[in-house]
Amino acid sequence: MPKEKIILGIDPGTTIMGYGLIKVVDKNMSLLQLNELMLKKYSDHYTKLKLIFERTIELIDTYHPDEIAIEAPFFGKNVQSMLKLGRAQGVAMAAGLSREVSITEYSPKKIKMAITGNGNASKEQVAKMLQSILGLKEIPKNLDATDGLAAAVCHFYNEGKQQGGKSYSGWGSFVKQNEKRIG
């Protein structure tokens, strides 16, 4: 019986949330979905967070992923942007945790390294490599979708390796690993 797994990759954002789903049968990957949630037209940050949560739940309920790989926020100079990005990531994680789907975070550098062999690769280089790996007909205009897909592929490549990133199997696991920050 072939071993089958579905991985949802998410690139969280409050302007565009990119996502990709891959199906892995034995050691072979195939693309299930590659898309983005456009949030530019909404001015209210809380509405954006609600939509991120709802789309993530919808993806989970439709595709029943076994695992979620999410891009961790990178550290920039704009604190407000980082807070918004962290909230977007947290809401997507909460959606997965509410459905008991295990989640692993990967740094942008780790994802780029897994896909291209270069932790400083451009979004375009990552997209081109994914096009080659998965046989994509075309690359999306916005590369947030391929960034989400890259998180899923990175997770597949890191299967069984412990250095991948932070992993959570449910609310209890999340709270236990973050209790110093929470309490």
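**Core**

I began with the largest nonpolar core in this predicted model. It holds 21 residues. I noted the members that touch the most others: Leu8, Ile10, Met17, Ile52, Ile68, Ile70 and Ile103.

Next I looked up which elements supply two or more residues to this core. They are the strands β1 (4–11), β2 (16–25) and β4 (67–71), along with α1 and the helix α2 (79–98). Which element gives the largest share? I found that α2 does, with five residues.

I also found another core lying apart from this one. That one has 20 residues, including Leu136, Leu149, Ala150 and Phe156.

**Leucine 8**

I then listed the contacts of leucine 8, leaving out residues up to four places away in sequence. Leucine 8 touches Tyr19, Gly20 and Leu21. It also touches Leu59, Ile60, Pro65, Glu67, Ile68 and Ala69. Ala152 is on the list too.

**Histidine 45**

I located histidine 45 in helix α1, which covers residues 45–63. Is histidine 45 buried or exposed? Its relative accessible area is 12%, under the 20% cut-off, so I logged it as buried. Leaving out residues up to four places away in sequence, I found that histidine 45 touches Thr14, Lys84 and Arg87.

**Aromatic pair**

I searched the whole structure for aromatic pairs and got one. The partners are phenylalanine 156 and tyrosine 157. Their ring centres lie 5.7 Å apart. Why is the pair called tilted? The planes stand at 45°, and stacked needs under 30 degrees while edge-to-face needs over 60, so this pair is tilted.

I checked the burial of each partner. Phenylalanine 156 has a relative accessible area of 12%, so it counts as buried. Phe156 is also among the members of the 20-residue core. Tyrosine 157 comes out at 32% relative accessibility. That value falls between the cut-offs of 20% and 50%, so tyrosine 157 is partly exposed.

**Whole chain**

I finished with the totals. The chain has six helices and six strands. I read their order from the N terminus as β-β-β-α-β-α-β-α-α-α-β-α. How much of the chain is buried? Of its 183 residues, 46% are.

I took the contacts between residues at least 6 apart in sequence, and 62% of them join residues at least 24 apart. The accessible surface comes to about 10,000 Å². Carbon and sulfur atoms account for 53% of that surface.

Definitions and conventions. Residues are numbered from 1 along each chain as its sequence is written. This is a predicted model: local features need pLDDT of at least 70, side-chain atom pairs count only at pLDDT 80 or more; totals for chains, interfaces and linings use all residues. Side-chain values use heavy atoms; hydrogens and water are left out. Helices (H or I, at least four residues) and strands (E, at least two) are DSSP runs, numbered from the N terminus. Buried means under 20% relative accessible area, exposed over 50%, partly exposed in between (1.4 Å probe, protein chains only). Contact means heavy atoms within 4.5 Å. Accessible areas come from the Shrake-Rupley method with a 1.4 Å probe; for residues, only the protein chains shown count as cover. Rings of Phe, Tyr and Trp (its six-membered ring) pair if their centres lie within 6.5 Å; planes under 30 degrees apart count as stacked, over 60 as edge-to-face and the rest as tilted. A nonpolar core is a set of buried Ala, Val, Leu, Ile, Met, Phe, Trp, Tyr and Cys residues joined through side-chain atoms within 4.5 Å.
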